[in-house]
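Here is a short briefing for a first look at this model. Keep the sequence and the 3D view open as you read.

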2 protein chains.
Amino acid sequence: MEHSEEIFTILKVHHLRLTKTRKALIGIFFLHETPLSARDILRELCEVHRAVNKTTVYRELERLQKIGIIGTVRLGDRKQYYELAAREHHHHLVCLKCEKVENIMLDEKKLKEEAKRAAAVKNFLTLRHSLEFFGLCKMCN
Amino acid sequence: MEHSEEIFTILKVHHLRLTKTRKALIGIFFLHETPLSARDILRELCEVHRAVNKTTVYRELERLQKIGIIGTVRLGDRKQYYELAAREHHHHLVCLKCEKVENIMLDEKKLKEEAKRAAAVKNFLTLRHSLEFFGLCKMCN
DNA sequence: TGACAAACGCAACTCAGTTGCGTTACGATG
DNA sequence: CATCGTAACGCAACTGAGTTGCGTTTGTCA
Ligand SMILES: [Mn+2]
Ligand SMILES: [Mn+2]
Ligand SMILES: [Zn+2]
Ligand SMILES: [Zn+2]
C-alpha cells in the first residue's frame with residue numbers, strides 16, 4: 001500500500017474524506033491485479049472489515065472512477081468490473097469455463113493505426129476502445 | 001429478405017417451426033445493419049406486427065443464437081445486442097453522446113498475430129474476441 | 001383431421017445497479 | 001477540545017434486463 005500516499009493526496013484535492021471504508025476499499029484494489037466486481041468488493045470488505053452497505057460500495061466506486069483512481073472494464077457478463085487506473089494499459093483473457101481473468105499486454109501500435117484509418121472514413125473520433133479475449137485458460141484446456 | 005430462404009432451411013433442420021413471430025423477427029434483422037437489443041426488437045415487432053411477449057423474444061433470440069443464425073455483441077451498457085451472424089466479421093464504433101452504432105471493418109492480421117503471441121505466454125487458447133471503439137460520431141463531434 | 005412437440009403468454013422471480021431521505025461522522029476552524 | 005458544515009452512510013424501495021415455471025395455443029406431419 002505504498003502507492004496509497006499519492007492517492008490520498010488526490011482524494012484531498014477533490015475534498016474526499018479519508019473514511020475507514022474508503023481506505024479499506026482502495027486497499028483491496030492493491031491486493032488484486034485483475035478486475036473486481038462491486039459484489040467482489042462488497043464481500044471482501046465485509047469479510048475483512050465491518051459490514052458495509054452495497055449502496056456505499058456503488059457510490060464509492062463511482063466517486064473513485066470520477067477522479068480517475070479506478071477505471072471500468074466489461075468482461076462479457078452483465079456486471080461492471082473495476083481496476084486501478086494507475087496500472088499500465090492492458091487487456092484481458094477471460095476463461096469461458098472457470099471464469100478466471102488474466103491481464104494481457106499487447107503492442108497496439110498496428111491496431112491503433114488501422115483503427116484510426118477505419119474510423120476516419122466515418123468521421124468518427126475514437127476516445128477509448130475495449131478489447132477482451134475469451135477462451136480457455138491454462139488449467140481448463 | 002432473399003437470404004431468408006436458406007435460413008428457413010436451417011430452421012427446418014433444427015425442427016424449428018416457421019411461426020409468424022419467428023418469421024417477423026428474422027425479417028427485422030434484415031432491415032438493420034447494426035446490432036439490436038431485445039427491447040429494440042420487441043418494440044419493432046409490436047409496432048409492425050401484433051403484440052408479442054418479451055419472454056417470447058428472449059427465448060427466440062436464444063434459439064436463433066444457438067443454431068448460429070444470429071450472434072451477440074456487447075456495446076458497453078448492460079444490454080445484450082444481436083445481429084445476423086451471416087454478416088462479415090466486423091467491429092463497432094459507439095457514439096458516447098447520441099449512442100449511434102456504426103460497423104467498422106478492420107484488417108486484423110497484425111492484431112491476431114500479436115494476440116496469439118501474448119496469449120501463448122499464458123497458455124491461453126483464444127476462441128473469440130470482442131473489440132469495440134467508443135467516441136464521438138460524425139454528427140456529435 | 002388428429003396428435004404431439006414446439007411455441008406462446010403470463011406472472012413471478014433474480015440480479016446488478018440506482019434513488020430519496022433521514023442519520024452519522026470527518027475534518028476544518030476557532 | 002467544542003462546534004459546525006458537508007461528505008458519507010444505511011436503509012428501503014425502486015428500475016431494467018433477463019429468467020423460470022406452468023398451463024394454453026399452434027404448427028407440422030402422418
Ligand atoms: Mn487497449
Ligand atoms: Mn474482430
Ligand atoms: Zn479456466
Ligand atoms: Zn453521436
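A residue counts as buried when its relative accessible area is under 20%. By that cut-off Glu60(B) is buried, because its relative accessibility is 3%. The model is predicted. The points below cover two DNA strands, a zinc site, one buried glutamate and two residues with positive phi.

**The buried glutamate, Glu60(B)**

- Glu60(B) sits in helix α4 of chain B.
- Its side chain makes a polar contact with the side chain of Arg63(B), at 3.1 Å.
- Beyond its neighbours within four places in sequence, Glu60(B) is in contact with Arg22(B) and Leu25(B).
- Arg22(B) is also among the closest residues to DNA strand C.

**DNA strand C**

- How many residues surround DNA strand C? There are 26, and the closest are Leu18(A), Gln80(A), Arg22(B), Thr56(B) and Arg59(B).
- Of the strand C atoms that come within 4 Å of the protein, sugar and phosphate make up 57%.
- Gln80(A) reaches a phosphate oxygen of strand C through a backbone N or O atom, at 2.6 Å.
- Asn53(B) also places a backbone N or O atom by a phosphate oxygen of this strand, at 3.3 Å.
- Arg39(A) uses its side chain: one of its polar atoms lies 3.2 Å from a phosphate oxygen of strand C.
- Both chains supply helices to this surface. At least two residues each come from α3 (38-48) and α4 (54-66) of chain A, and from α2 (20-31) and α4 (54-66) of chain B.
- The largest share, five residues, belongs to α4(B).
- By class, the surface near strand C holds twelve charged, eight polar and six nonpolar residues.

**DNA strand D**

- Around DNA strand D there are 29 residues. Arg17(A), Arg22(A), Thr56(A), Arg59(A) and Gln80(B) come nearest.
- Sugar or phosphate accounts for 60% of the strand D atoms within 4 Å of the protein, and bases for the rest.
- Which side chains approach base atoms of strand D? Among them is Arg78(A), with a side-chain N or O atom 3.4 Å from a base nitrogen. Another is Lys54(B), with a side-chain N or O atom 2.8 Å from a base oxygen.
- Tyr58(B) approaches the backbone of strand D instead: a polar side-chain atom lies 2.8 Å from a phosphate oxygen.
- Two or more residues each come from α2 (20-31) and α4 of chain A, and from α3 (38-48) and α4 of chain B.
- Helix α4(A) gives the largest share of the surface near strand D, five residues.
- This surface has 14 charged, nine polar and six nonpolar residues.

**The zinc site in chain B**

- What holds the zinc ion (ligand 4)? Its protein donors are the SG atoms of Cys95(B), Cys98(B), Cys137(B) and Cys140(B), at 2.2 to 2.5 Å.
- The four donor atoms make angles of 102 to 116°, and the site is tetrahedral.
- For four tetrahedral donors, the ideal angle is 109.5 degrees.
- Along the sequence, the donors of this zinc ion follow the spacing C-x2-C-x38-C-x2-C.
- Cys95(B) and Cys137(B) link distant parts of the chain, 42 residues apart. Cys95(B) lies in strand β4 (residues 91-95), and Cys137(B) in the segment after β6 (125-136).
- Are these two cysteines buried or exposed? Cys95(B) is buried, because its relative accessibility is 2%. Cys137(B) is buried as well, at 1%.

**Positive phi outside glycine**

- Asn123(A) has a phi near 55°, which is positive although the residue is not glycine.
- Asn123(A) lies in the loop between α5 (109-121) and β6 (125-136) of chain A.
- With a relative accessible area of 45%, Asn123(A) is partly exposed.
- His15(B) also has a positive phi, of about 60°, and is not a glycine.
- The loop that holds His15(B) runs between α1 (4-13) and α2 of chain B.
- His15(B) counts as exposed, because its relative accessible area is 71%.

Conventions:
Residues are numbered from 1 along each chain as its sequence is written. Chains are lettered from A and ligands numbered from 1 in the order in which they are written. This is a predicted model: local features need pLDDT of at least 70, side-chain atom pairs count only at pLDDT 80 or more; totals for chains, interfaces and linings use all residues. Side-chain values use heavy atoms; hydrogens and water are left out. A residue is near a molecule or strand if one of its heavy atoms lies within 4 Å of it. A polar contact is a pair of N or O atoms within 3.5 Å; within protein, one must be able to donate a hydrogen and the other to accept it, and residues adjacent in sequence count only if both atoms are side-chain atoms. Helices (H or I, at least four residues) and strands (E, at least two) are DSSP runs, numbered from the N terminus. Ala, Val, Leu, Ile, Met, Phe, Trp, Tyr, Cys and Pro count as nonpolar, Asp, Glu, Lys and Arg as charged, and the others, Gly among them, as polar. Donors are N, O and S atoms within 2.8 Å of the metal (3.2 Å for Na, K and Ca); water is not among the atoms, so sites may look incomplete. Four donors count as tetrahedral if all angles lie between 85 and 135 degrees; four count as square planar and six as octahedral if opposite donors are over 155 degrees apart and all others between 65 and 115; anything else is irregular. Buried means under 20% relative accessible area, exposed over 50%, partly exposed in between (1.4 Å probe, protein chains only). Contact means heavy atoms within 4.5 Å.
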